[in-house]
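Work through the exercises below with the model open. Try each task before you read its solution.

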Amino acid sequence: MNSQPSPAGPLAGIKVLGLTRARAGPTCTRQLADLGADVIQISAPGEDTSSAAFGGSDGFNLNRNKRSMTLDLTTPADLEVFLELVDRSDVMVENFRPGVKHRLGIDPESLMKRNPRLVYASLSGFGQDGPYAGRPAVDQIIQGMSGLMSVTGPPGAGPWRAGIAVFDVATGQMLAQGVIAALFARERTGRGQWVHTSLLETAISMMDFQAVRWLIDGVVPESTGNSHPSMPLQGGATLPTSDGYINVAALGGIDQLLTALGLDAIDDEPADRLQERVAALLATKPTAEWVDQLAGTVPCGPVLHMDEVFADPQVEHLHMSCPVTAEGGRVVNVLRTPLNFSETKPSVRRGPYRPGDHTEEVLAELTHDNVDARRLP
């Protein structure tokens, strides 16, 4: 895969080992790689290296900016190579089920004894201990158990899942935040530490105000469709126009919205009747006309499909995608990190790997000539 020159990111010089699979773990290491860290993903021997088996476009996006080497951690020789990499690394990220790392002998206690400055990062479905710790999990299971599906969708029609693997992505990003915090703490203490989170912990924390409605107010939230659960219109509502939909939020007050729409206020008007009047008016003109009329005073925006998202003028201005070179010289567009720095700019520096692409390169860096000769054809 071709590399692309770029300025050093804020994590330049940080070396990360990735023992991650699926989406949440690779999202964490991708975040660190985009910020400039040198991420080496450890793949098991025998993985299918074809683009289709490796995830296609999804794999391209998850696995850019990383290097990959193949190691079989169940064999003494490869385990020793891995441990030497640990000795030279700042961070190790894994998302095995909790018991696996102990069976392999690569648990936090063992690795941090070898390298006291190591930040050991773990991601799991349900947590590192407890009655569900050994269970497998996928995003949709956690959407259900966190309460998200109970508050998503039209009233009385649920449960509904979110349209993306929201907690896989959020948990990977949360763990990356924890890694960076642990690296910052290491500057003061000189020691690494074990930082871990789970899909369930992240999901419940993301339920945020819906969760505290129960914890503090004793209210069990229900689904309210496309209207804000406690402040219809003020908090946001999705309403039809003549050619699509628009989201509006009367944060400055209902009177401000009515004035912008040219509607009269009615004393003591019920909220549902007010929303009906607003909806009836919005249905008379196209979305773009309403956005032009309202955007200067009332938060609003269209409801877009993905092709429309990337054709939007603001999205084009923000350059939310960037090209990288994949296998066979194919140039593909992937998402850039949404973080912006004035000096140490994050970047997408290399295209996606195939498992084992950089085994020789990494072994050479370790100066393992004897291992190189024994393991490589």
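β1 and strand β2 (residues 38–43) pair in the parallel sense over four bridges. Strands are DSSP runs of E, at least two residues long, and helices are runs of H or I, at least four long, all numbered from the N terminus. Two strands pair if DSSP finds at least two bridges between them.

This is a predicted model: local features need pLDDT of at least 70, side-chain atom pairs count only at pLDDT 80 or more, and totals for chains, interfaces and linings use all residues. Residues are numbered from 1 along each chain as its sequence is written, and side-chain values use heavy atoms, with hydrogens and water left out.

**Exercise 1. Place β1 among its partners.**

Step 1. Find a residue pair between β1 and β2. G18 has Q41 of β2 as its bridge partner.

Step 2. Trace the connection. β1, helix α1 (residues 24–34) and β2 form a right-handed β-α-β unit. Right-handed means that, with the strands pointing away from the viewer, the path from the first strand over the helix to the second runs clockwise.

Step 3. Look for another partner. Strand β4 (residues 91–94) runs parallel to β1 and is joined to β1 by four bridges. Here L19 stands opposite E94.

Step 4. Check burial. Buried means under 20% relative accessible area, exposed over 50%, partly exposed in between (1.4 Å probe, protein chains only). Four of the five residues of β1 (residues 15–19) are buried, so the strand is largely enclosed by the rest of the structure.

**Exercise 2. Describe the surroundings of S124.**

Step 1. Locate S124. The residue belongs to strand β5 (residues 119–124).

Step 2. Is S124 buried or exposed? Its relative accessible area is 6%, so S124 is buried.

Step 3. Find a polar contact (a pair of N or O atoms within 3.5 Å; within protein, one must be able to donate a hydrogen and the other to accept it, and residues adjacent in sequence count only if both atoms are side-chain atoms). The S124 side chain reaches the backbone nitrogen of G127 at 3.0 Å.

Step 4. List contacts, meaning heavy atoms within 4.5 Å. With neighbours within four places in sequence left aside, S124 touches T197, S198 and L199.

**Exercise 3. Explain why the buried residues of α6 share a side.**

Step 1. Pick them out. In α6 (residues 139–146), D139, I142, Q143 and S146 are buried.

Step 2. Use the arc, taken from the directions from the helix axis to the C-beta atoms. These residues cover only 110° around the axis, which puts them on the same side of α6.

Step 3. Identify the cover. It includes α7 (166–189) and α8 (199–217).

Step 4. Inspect the end. G147 follows α6, and its phi is positive, near 100°.

**Exercise 4. Assemble the sheet that holds β7.**

Step 1. Order the strands. This open sheet has three strands, β7-β8-β9, paired antiparallel. β7 (237–240) and β9 (300–302) are the edge strands, each pairing on one side only.

Step 2. Give the turn. Neighbouring strands are turned by 25° against each other on average, direction ignored.

Step 3. Examine a pair. Four bridges join β7 to β8 (residues 245–248). P240 stands opposite Y245 of β8.

Step 4. Add the helix. α10 (residues 271–282) lies across β7 and β8, at about 45° to β7. Axes are lines fitted to C-alpha atoms, for helices over the stretch in contact, and angles run from 0 to 180 degrees between N-to-C directions.
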